[in-house]
Amino acid sequence: MHELGIMTGVMEAVETSARQAGATGVTRVTLSVGEMTEAIEDALQFAFEVLREQNELCAGAELQVNMVKPRSRCLECGAEFEHDRFHRFCPECDSFATELLCGRELQIDSIEVDIPDENDAKE
């Protein structure tokens, strides 16, 4: 299950960024994950839930995963098209010479955090 490894790296990056921002907690993490990574959304959710329970800063956080469909460009005719993981032939000219444009992403789009109010810090 490589989703646990992926999510471990995500959680480390989230925690580092949240601490640098002075956050007291993380409320939401939004990811974009390309279908070509072969990561399974439910497994990512499960790994996140397990790891957040071990992380005080992320204990109440939610995960939103945006799965990105593969999109390629034909190197013969220039057509751009969406496809599944296994069928990358150009639908216009049937060429197998294609370039993957998106679908292999794995990025943190946003991290929502709670940051203490300056007035709270003075009291």
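Two strands count as paired if DSSP finds at least two bridges between them. Keep that rule at hand for these exercises on a predicted model.

**Exercise 1. Work out the strand order of the sheet that contains E1, and find which strands stand at its edges.**

Step 1. Start with E1 and E2: seven bridges join them, and the two run parallel. One of these links is easy to look up, since Gly34 has Val68 in E2 as its bridge partner.

Step 2. Now place the remaining strand. The open sheet has three strands in the order E2-E1-E6, with mixed pairing.

Step 3. Read off the edges. E2 and strand E6 (106-114) each have a single partner strand, so one side of each lacks a neighbour in the sheet.

Step 4. Add the geometry. Ignoring direction, neighbouring strands here are turned by 15° against each other on average.

**Exercise 2. Describe how helices H1 and H2 lie against these strands.**

Step 1. Take H1: this helix packs on the sheet and touches E1, E2 and E6, its direction making about 40° with that of E6.

Step 2. Turn to H2, which lies across E1 and E2 and runs at about 155° to E2.

**Exercise 3. Do the same for the sheet that contains E3.**

Step 1. The order is E4-E3-E5 in an open sheet of three strands, and the pairing is antiparallel.

Step 2. Strand E4 (80-82) and strand E5 (98-102) are the edge strands; each has a single partner, so one side of each is left free of a neighbour in the sheet. The twist averages 35° from one strand to the next.

Step 3. Check one pairing in detail. Four bridges join strand E3 (residues 71-74) to E5, and Arg71 has Cys102 as its bridge partner in E5.

**Exercise 4. Is Leu44 buried or exposed, and which residues does Leu44 touch?**

Step 1. Locate the residue: Leu44 sits in helix H2 (residues 41-53).

Step 2. Apply the cut-off. Buried means under 20% relative accessible area, so Leu44, at 0%, counts as buried.

Step 3. List the contacts. Leaving out residues up to four places away in sequence, Leu44 touches Glu3, Ile6, Met7, Val33, Ala39, Leu63 and Val65. Leu63 is 19 residues from Leu44 in sequence, with 8.9 Å between their C-alpha atoms.

**Exercise 5. Which elements give two or more residues to the largest nonpolar core?**

Step 1. This core has 21 residues, and Met7, Val26 and Val29 have the most contacts inside it.

Step 2. The contributing elements are helix H1 (2-20), strand E1 (25-34), H2 and strand E2 (62-68). H1 gives the most, with six residues.

Notes
Residues are numbered from 1 along each chain as its sequence is written. This is a predicted model: local features need pLDDT of at least 70, side-chain atom pairs count only at pLDDT 80 or more; totals for chains, interfaces and linings use all residues. Side-chain values use heavy atoms; hydrogens and water are left out. Axes are lines fitted to C-alpha atoms, for helices over the stretch in contact, and angles run from 0 to 180 degrees between N-to-C directions. Buried means under 20% relative accessible area, exposed over 50%, partly exposed in between (1.4 Å probe, protein chains only). Contact means heavy atoms within 4.5 Å. A nonpolar core is a set of buried Ala, Val, Leu, Ile, Met, Phe, Trp, Tyr and Cys residues joined through side-chain atoms within 4.5 Å.
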